[in-house]
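Student: I have a protein model open and I'm not sure how to read it. Could you walk me through a few features?

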Amino acid sequence: MPPGDAEVVLSYPNKAERSDIIKSTPRQFLIMNGESAKNISSIPENSFILDDNFFVLNELIREGTKVNLYYLDPPYGTGFDFHSRDLEHAYKDSMGPAAYIEFMRRRLILMRETMADDGSIYVHIGHQMLGHLKVVMDEVFGSDNFRNLITRRKCSSKNFTSKQYANINDYILFYSKTKSYKWNKPGIDPEQDWIEREYPKFDNIGRRYKLVPVHAPGTRNGETGKQWRGMMPPPGKHWQYVPDKLEELDRQGDIHWSRNGNPRRKVYWSSDKKTALTDYWDQYRDAHHQSIKITGYPTEKNLAMVKMIVGASSDEGDLVVDPFCGSGTTLHAARDLKRRYLGIDASFSAAKATIRRMRHGLERMGDYVNKHEKKAESPPLPSANRQEEQACGFVVDSQLFDAYPQEIQDISEV
Ligand SMILES: C[S@@+](CC[C@H](N)C(=O)[O-])C[C@H]1O[C@@H](n2cnc3c(N)ncnc32)[C@H](O)[C@@H]1O
């Protein structure tokens, strides 16, 4: 290969060999069942796992697990610490650039190793490390498997005082493992003014329609290139349908004839018509008003957005994994859409938020504000709200359990 065609790779200190990264580092996992912890030989589906995801991803390789979809929203490399709405410490995001990129690269290599051949991966990230991560993902997944760089509007424009443009977006890098990947084309309901512009006419029973040509580019030698009603298709074009079909459309009233005798086809509006989603997502902002339901975990992502991703890139029964799962948004989306799921996070606060959400559901954002103000009086969640515990298993690394038995017990009882 000419040297100029080689892939670009990042170079930095302590870049580990791929073979050392996927070397197995066996750990023992426990499943929490109320107060008791039981050794398990493999990680059960539909669980949250409290651990550094490096060990869990290695375990998934060892078990031969095949993941259909990864959605991950790792720390962005912001240099900040994050706290929940109850002011509990959630996680640190303070690695230097080289350490951060190697941290991500090692985990992305493990994820690729566990992906089904028709699987996909979405990495949600801020502007801070986006450029570096794109290069790393090209290196790990191959630039041929890059599908989109999605820009997501995360918030409304704030009162921004810095001497630079207001920062209102974050980004999602979407890759597939191979060129043959699952894709259930997502669509969105168009705005009313788009419908009015696009379908401006009404027929005599009130149906909206637009007019489109009955010819298409390119010449043809068959039926569609010949005369219909004494007319040839325009130069360089052919009829979209054979003459018999055009006659049938005309009999049904679906052809409109202009005053000078040009035929055009009527295309009717119907409410199940969607417009294709682009790589700019304006409609999935994070919680921004008091009636939105949330867990209160910092950097909690928009549930509708994650549901859209799960629907587009997996089928019912598939396995969806979020290795930086925070408050469990991906697990919630996957469960609602009848996928199998695994969520991993190293933070106690994330474990509590996820287990609570999967058992009791979400709370209105306003309730968090009130609760924080009147914390001492806050009533426990009604037990009638508690869903089947089996809805989400709680698995922990035995080393964490040995070091923090009481904290883990407390989480398993939320
Ligand atoms: C941006 S938050 C994820 C928020 C999540 N998408 C949600 O909707 O709630 C990033 C998460 O990554 C977790 N994390 C950071 N390093 C980790 C590691 N090595 N293993 C597992 N989780 C990790 C943090 O504890 C944090 O909860």
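Tutor: Sure! Let's begin with one term: two residues are in contact when they have heavy atoms within 4.5 Å. Keep in mind that this is a predicted model.

Student: Okay, let's try that out. Leaving aside its neighbours within four places in sequence, which residues is Ser412 in contact with?

Tutor: Once those sequence neighbours are set aside, Ser412 touches Met32, Gly34, Arg359 and Phe394. Ser412 itself sits in helix α12, which covers residues 405-412.

Student: And is Ser412 buried or exposed?

Tutor: The general idea is that a residue counts as buried if its relative accessible area is under 20%. Ser412 has a value of 3%, so it is buried.

Student: How much of the whole chain counts as buried?

Tutor: That would be 46% of the 414 residues. You can look at contacts across the chain too: taking those between residues at least 6 apart in sequence, 71% join residues at least 24 apart.

Student: What about the surface that the chain exposes?

Tutor: The exposed area is about 21500 Å², and carbon and sulfur atoms supply 49% of that.

Student: Now the secondary structure. How many helices and strands does the chain have?

Tutor: You'll find 12 helices and 23 strands. As for the general idea, strands in a sheet pair through backbone hydrogen bonds, and the pairing can be parallel or antiparallel. Here, one open sheet has four strands in the order β11-β12-β16-β15, with antiparallel pairing. Its edge strands are β11 (201-202) and β15 (255-257), each of which pairs on one side only.

Student: How many bridges join β15 to β16?

Tutor: Three bridges link β15 to β16, which spans residues 263-268, and the two strands run antiparallel. If you want a spot to look at, find Ile255, which stands opposite Arg265 in β16.

Student: Last one, the ligand. Which residues are closest to the ligand?

Tutor: The ligand has 21 residues around it, and the closest are Asp73, Tyr297, Ser327, Thr329 and Asp345. That shell is made up of eight nonpolar, six polar and seven charged residues.

Student: Where should I look for polar contacts there?

Tutor: Look for N or O atoms in pairs within 3.5 Å. Tyr297 has a polar side-chain atom 2.6 Å from a ligand oxygen. Ser327 also puts a polar side-chain atom 2.6 Å from an oxygen of the ligand, and an N or O atom in the side chain of Thr329 is 2.6 Å from a ligand oxygen. On its own, the ligand has 600 Å² of accessible area, and the protein covers 95% of this.

Methods
Residues are numbered from 1 along each chain as its sequence is written. This is a predicted model: local features need pLDDT of at least 70, side-chain atom pairs count only at pLDDT 80 or more; totals for chains, interfaces and linings use all residues. Side-chain values use heavy atoms; hydrogens and water are left out. A residue is near a molecule or strand if one of its heavy atoms lies within 4 Å of it. A polar contact is a pair of N or O atoms within 3.5 Å; within protein, one must be able to donate a hydrogen and the other to accept it, and residues adjacent in sequence count only if both atoms are side-chain atoms. Accessible areas come from the Shrake-Rupley method with a 1.4 Å probe; for residues, only the protein chains shown count as cover. Ala, Val, Leu, Ile, Met, Phe, Trp, Tyr, Cys and Pro count as nonpolar, Asp, Glu, Lys and Arg as charged, and the others, Gly among them, as polar. Two strands pair if DSSP finds at least two bridges between them. Buried means under 20% relative accessible area, exposed over 50%, partly exposed in between (1.4 Å probe, protein chains only).
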